[in-house]
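Welcome, and please have your viewer ready. We will go from one selection to the next, pausing at each to see what is there.

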Amino acid sequence: LPVQTEPLLQERNFGALRGRPWDELGFDATSMVEAPEGGESLAGFLQRCDAAWADAVARRAALGGPLVVVSHGLLIHAVLR
């Protein structure tokens, strides 16, 4: 089957924090409300998650059959909530 990429399904952008060991940050970056430098705020991320879900629902309806969606942990948790 053809694979389609969708930027809406990307993990949250942590900007300048990306690539740094989480245990050396001294805080839980996944619970940050504000955007890290060059990154994405929690509100912006959640809006993108909503858009990703709406897009997946629309694609599934257009297919008339199964749809497989592969993404990242934070996005999956946000959509499930």
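**A charged pair in helix H1**

Start by selecting Asp55 and Arg59: they sit 4 residues apart in helix H1, so about one helical turn separates them. Keep in mind as you look that this is a predicted model. Show the side chains and you will find a salt bridge between Asp55 and Arg59, with 2.8 Å between the closest N and O atoms. Asp55 is partly exposed, at a relative accessible area of 23%. Arg59 is partly exposed too, and its relative accessible area is 26%.

**Add Glu6**

Keep Arg59 selected and add Glu6. What joins the side chains of Arg59 and Glu6? They meet in a salt bridge, 2.8 Å from N to O. Arg59 belongs to helix H1 while Glu6 belongs to the segment before H1, so this pair ties together parts that lie 53 residues apart in sequence. With Glu6, Asp55 and Arg59 all on screen, you are looking at a network of salt bridges.

**On to Glu40 and Arg48**

Next, select Glu40, whose place is in the segment before H1. Is Glu40 buried or exposed? Its relative accessibility is 15%, so Glu40 counts as buried. Now bring in Arg48, which is buried as well. The side chains of Glu40 and Arg48 form a salt bridge, with 2.9 Å from N to O. A search of the whole structure turns up 3 salt bridges.

Expand the selection around Glu40 to see its surroundings. Leaving out residues up to four places away in sequence, Glu40 touches Glu11, Arg12, Asn13, Glu34, Ala35, Phe45 and Arg48. One of these, Arg12, is our next stop.

**Arg12, a charge without a bridge**

Centre the view on Arg12, in the segment before helix H1 (42-63). Side chains of opposite charge can pair when their charged atoms come close. What is the nearest side chain of opposite charge to Arg12, and how far away is it? It is Glu40, at 5.3 Å; Arg12 is buried yet has no salt bridge. A salt bridge needs the side-chain nitrogen within 4 Å of a carboxyl oxygen, so a cut-off of that kind is the one to apply here.

Turn on the backbone atoms and look towards Glu34. Its backbone oxygen lies 3.4 Å from a polar atom of the Arg12 side chain. Beyond its neighbours within four places in sequence, Arg12 has contacts that include Ala29, Thr30, Met32, Val33, Pro36, Phe45 and Leu74. Arg48 and Glu40, the pair from the previous stop, are also in contact with Arg12.

**Zoom out**

Finally, clear the selection and show the chain as a cartoon. How many helices and strands are there? The chain has 2 helices and 0 strands. Its radius of gyration is 15 Å, well over the 12 Å that the globule rule gives for 81 residues, so the chain is more spread out than a compact globule. Rotate to the principal axes and the C-alpha trace spans about 45 × 25 × 20 Å.

Colour by accessibility next: buried residues account for 22% of the 81 in the chain. The accessible surface amounts to about 5900 Å², with 58% of it belonging to carbon and sulfur atoms. For a contact map, take contacts between residues at least 6 apart in sequence; 61% of them join residues at least 24 apart.

Definitions and conventions
Residues are numbered from 1 along each chain as its sequence is written. This is a predicted model: local features need pLDDT of at least 70, side-chain atom pairs count only at pLDDT 80 or more; totals for chains, interfaces and linings use all residues. Side-chain values use heavy atoms; hydrogens and water are left out. Buried means under 20% relative accessible area, exposed over 50%, partly exposed in between (1.4 Å probe, protein chains only). Lys and Arg count as positive and Asp and Glu as negative; His and the chain ends are not counted. A polar contact is a pair of N or O atoms within 3.5 Å; within protein, one must be able to donate a hydrogen and the other to accept it, and residues adjacent in sequence count only if both atoms are side-chain atoms. Contact means heavy atoms within 4.5 Å. The radius of gyration is taken over C-alpha atoms; the globule rule is 2.2 Å times the number of residues to the power 0.38. Accessible areas come from the Shrake-Rupley method with a 1.4 Å probe; for residues, only the protein chains shown count as cover.
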